[in-house]
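This report describes how one protein chain is put together. Please look at the structure before reading on.

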Amino acid sequence: MSSLELLPLIELAQGRPMIHGQEPDQAFNRWEALRPAMRRVIAFGKRSLLVLLLLALWEAVPRLGLADPAFLPPFSDVIAAGWQLAQSGELYDDVAASLLRALSGFLISVVLIVPLGLAVGWYARLGDLLNQFIEVCRNTAPLALLPVFILLLGIGELSKVTMVIYSCAWPLLLNTIAAVRQVDPLLVKSARTMGASPQQLFRKVILPAALPTIFVGIRLASASAMLVLVASEMVGAKAGLGYLIIYSQYSFLIPQMYFGILGITVIGLTFNALLEALERRLMRWKAAV
């Protein structure tokens, strides 16, 4: 009798069948362990479907002759150009320069502007005093002030970081003010009724209730930081993704230009993902409500 014929007899003698040579419990446990990963892969595929279709279209259109490859190179050529930049070390210098400027301006603006927004939203008289000034500044486009910052601060790092701070300030300030003013008055009244001090009221009621809207402003500010930074790097910079884009355009290195644009997009998406993760961590109480 062959081993294949003996297998069912062994299974019957043990009182349980075998699945691909494994016990059912082992096979079931392994499948259960893989199910969360499979769900994440499927969910990612659904969310990324339109992006993947766009990339496939980008690859196909120039190769089919529907667009001039000199002006719209295939996506694979763009990635190849980025790989060459990475091998030469130029890509790391440009990314490091842009990240340093963007993160410096963004973090400085968060540290300075969020407390200011909390104070303006909490103290009505301070809000009335600064209201007109805020309205004038927020309606002045940051890019329109780029020549002014360059004239006053030069073409070095100071003007670029200051531009980022200025562009981040207004979404941060306006969302923080709105967050404080939109806190449910019943929560404030209940806390005061229970004898909460002003410090306890602010720390235990106002700040937690305002955090979701504040994070909206923080995420908007991160997008503004990259937008203004790229524009400022196109003027008088010697490194950075904005410099890479404009230099590649002038030198007719079109694949490198597109890769610089993709690099900015990837950095923006990474910023947003990190901020979302931080928001979930700081507001775990919200998911439990």
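Leaving aside its neighbours within four places in sequence, which residues is S248 in contact with? They are L253, I254, Q256 and M257. The model shown here is predicted. S248 itself has its place in helix 11. Its relative accessible area is 0%, so S248 counts as buried, the cut-off for that class being under 20%.

**Overall make-up**

The protein has 13 helices and zero strands. Its pattern along the sequence is therefore written with α alone: α-α-α-α-α-α-α-α-α-α-α-α-α. The protein has 289 residues, and 34% of them count as buried. Taking contacts between residues at least 6 apart in sequence, 69% join residues at least 24 apart.

**Helix 11 and its surroundings**

Helix 11 covers residues 241–250. S248 is one of its buried residues, which also include L241, G242, L244, I245 and I246. What do the buried residues of helix 11 pack against? Their partners are helix 4, helix 5, helix 10 and helix 12. Just after helix 11 comes F252, which takes a positive phi of about 60°.

**Two helix contacts**

Two packed helices are described by the angle between their axes and the distance between the axes. Helix 5 takes part in both contacts described here, one with helix 12 and one with helix 4.

Helix 5 spans residues 90–122 and helix 12 spans residues 254–282. The two pack at an angle of about 40°, and their axes are 12 Å apart. Helix 5 is therefore oblique to helix 12. The crossing in which helix 5 passes helix 12 is right-handed. On the side of helix 5, the residues in this contact are L91, V95, L99, A102, L103 and F106; on the side of helix 12 they are F259, I267, F271 and L275. By class, the contact of helix 5 with helix 12 has ten nonpolar residues, no polar ones and no charged ones.

How do the axes of helix 4 and helix 5 cross? Helix 4, residues 75–88, has an axis that comes within 4 Å of the axis of helix 5, and the two cross at roughly 90°. That angle makes helix 4 roughly perpendicular to helix 5. G82, L85, A86 and S88 of helix 4 meet E90, L91 and Y92 of helix 5. The residues of the contact of helix 4 with helix 5 divide into four nonpolar, two polar and one charged. L91 appears in the contact with helix 4 and also in the contact with helix 12.

**Salt bridges**

How many salt bridges does the structure hold? There are seven. The table gives some of them, with the distance between the closest N and O atoms.

| Residue | Partner | N to O distance |
|---|---|---|
| E135 | R138 | 3.1 Å |
| R219 | E276 | 3.0 Å |
| R219 | E279 | 3.8 Å |

E135 and R138 both belong to helix 6, residues 124–138. Because they are three residues apart in that helix, about one helical turn separates them. E135 is partly exposed, with a relative accessible area of 29%. R138 is also partly exposed, at 38%.

R219 forms salt bridges with E276 and with E279. The pair of R219 and E276 links distant parts of the chain, since R219 is in helix 10 (residues 198–233) and E276 is in helix 12, 57 residues apart. In the pair of R219 and E279, the residues again lie in helix 10 and helix 12, so the salt bridge ties together parts that are 60 residues apart in sequence.

Is E279 buried or exposed? E279 counts as buried because its relative accessibility is 17%, and the cut-off for buried is under 20%. R219 has 29% relative accessibility and counts as partly exposed. E276 is partly exposed as well, with a relative accessible area of 27%.

Salt bridges also link E59, R63 and D77 in a network.

Key
Residues numbered from 1 in each chain as written. Predicted model: local features only at pLDDT ≥ 70, side-chain atom pairs only at ≥ 80, totals over all residues. Heavy atoms only, no water. Axes fitted to C-alpha atoms, helices over the stretch in contact; angles between N-to-C directions. Parallel < 35°, antiparallel > 145°, perpendicular 65-115°, else oblique. Left-handed = near helix turned anticlockwise from the far one by under 90°. Contact = heavy atoms within 4.5 Å. Nonpolar A, V, L, I, M, F, W, Y, C, P; charged D, E, K, R; others polar. Salt bridge = Lys/Arg side-chain N within 4 Å of Asp/Glu carboxyl O. Buried < 20%, exposed > 50% of the residue type's maximum accessible area, 1.4 Å probe, protein only.
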